[in-house]
Amino acid sequence: MDYSSVEVQQKSPLSFPSIRSNTKTTENLKLSPQTLVLSIFAVIMASLMPNFVSRFFRPFTSSTKMGLGPAEGGAQNIPDTAQKCTVAAGCFWGVEHLFRKNFGEQGLYDARVGYIGGDANNPSYRAVCSGRTGHAEALQMTFDPSRISYTTLLEFFYKMHDPTTKDRQGADTGTQYRSAIFYHSPEQEKAAREVTEKAQTQWWKNGKITTEILEAGQWWDAETYHQLYLHKNPGGYECPAHYVRKFPPLS
């Protein structure tokens with residue numbers, strides 16, 4: 001390059017210098033009408049893109065990471081008297097966030113997102129999203145039954161999502177987003193069926209609850225980047241169906 005053919009024009013102290021080449025004309029920098037229209041269209045579409053599309057740009061990984069440390073949502077020194085509560089209610093980011101927000105200081109030892117109810121071993125997020133493994137995105141909580149009851153957690157479960165939309169929550173559609181309760185004992189199964197019946201007759205009268213009630217099978221922790229996702233990414237995607245309804249207490 002012949003630097004003698006370049007002039008540097010200084011404007012104000014707060015302006016960037018502009019470089020003008022005498023050997024090239026601005027004609028070479030002109031965009032065709034078609035390119036200009038496409039560029040403007042791309043900018044407009046990006047500004048109008050809804051938040052839920054961000055779910056489709058999550059990073060994928062081919063394996064799950066087990067044994068999460070405290071910084072990733074793992075709890076330590078959980079007593080033998082603790083119990084588990086496993087539910088599926090759509091995108092597990094928002095499910096975890098709402099349960100932690102409402103019960104984090106009320107006897108909730110731990111809450112981990114993961115996969116349950118499928119056939120494949122050690123499924124990845126990519127595989128679960130394909131719908132071929134049969135797994136649901138789920139939340140498994142470990143709680144202190146002396147401070148919070150299993151029934152209370154299930155009642156909150158029926159408040160924070162819409163159980164009448166089969167295999168769907170908001171814009172998230174697929175069997176991985178189904179509503180389900182996975183019980184860990186006969187007592188939990190009994191409580192799940194009782195709460196579901198009451199929620200149907202008292203809270204969700206205008207639709208049929210499609211929530212599955214099944215015995216808990218093999219649980220797989222989701223990848224590390226999914227744990228505490230909304231805590232680590234404030235303003236990240238939250239399913240619009242995930243909010244706490246102001247229902248009266250169940251009788």
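In the predicted model, strand 8, spanning residues 179-183, is mostly covered, with 5 of its 5 residues buried. In a regular strand, side chains alternate between the two faces of the sheet. In strand 8, Ser179, Ile181 and Tyr183 point one way, whereas Ala180 and Phe182 point the other way. Residues of both sets are buried.

Strand 8 pairs with two other strands. With strand 3 (residues 83-89) the pairing is antiparallel and extends over 4 bridges; within it, Val87 stands opposite Ile181. With strand 9 (residues 212-215) the pairing is parallel, again over 4 bridges, and Ile213 of strand 9 is the bridge partner of Ile181. Between strand 8 and strand 9 the chain passes through helix 5 (residues 186-202), and the resulting β-α-β crossover is right-handed.

The largest nonpolar core comprises 45 residues, and Phe99, Met141 and Tyr158 are those with the most contacts inside it. Helix 4 (residues 150-160) supplies the largest share of this core, 7 residues. Another core, of 7 residues, lies apart from the largest one and includes Ala88, Ala136, Ala138 and Trp219.

When neighbours within four places in sequence are left aside, the contacts of Met141 include Gln83, Lys84, Cys85 and Val87, residues that fall within the 83-89 range of strand 3. Met141 is also in contact with Phe99, Leu108, Asp110, Ala111 and Leu153. Val87 is thus named twice, as a contact of Met141 and as the residue opposite Ile181 in strand 8.

Note on methods: Residues numbered from 1 in each chain as written. Predicted model: local features only at pLDDT ≥ 70, side-chain atom pairs only at ≥ 80, totals over all residues. Heavy atoms only, no water. Buried < 20%, exposed > 50% of the residue type's maximum accessible area, 1.4 Å probe, protein only. Pairing = 2+ DSSP bridges. Right-handed = clockwise from strand over helix to strand, strands pointing away. Core = buried A, V, L, I, M, F, W, Y, C linked by side-chain atoms within 4.5 Å. Contact = heavy atoms within 4.5 Å.
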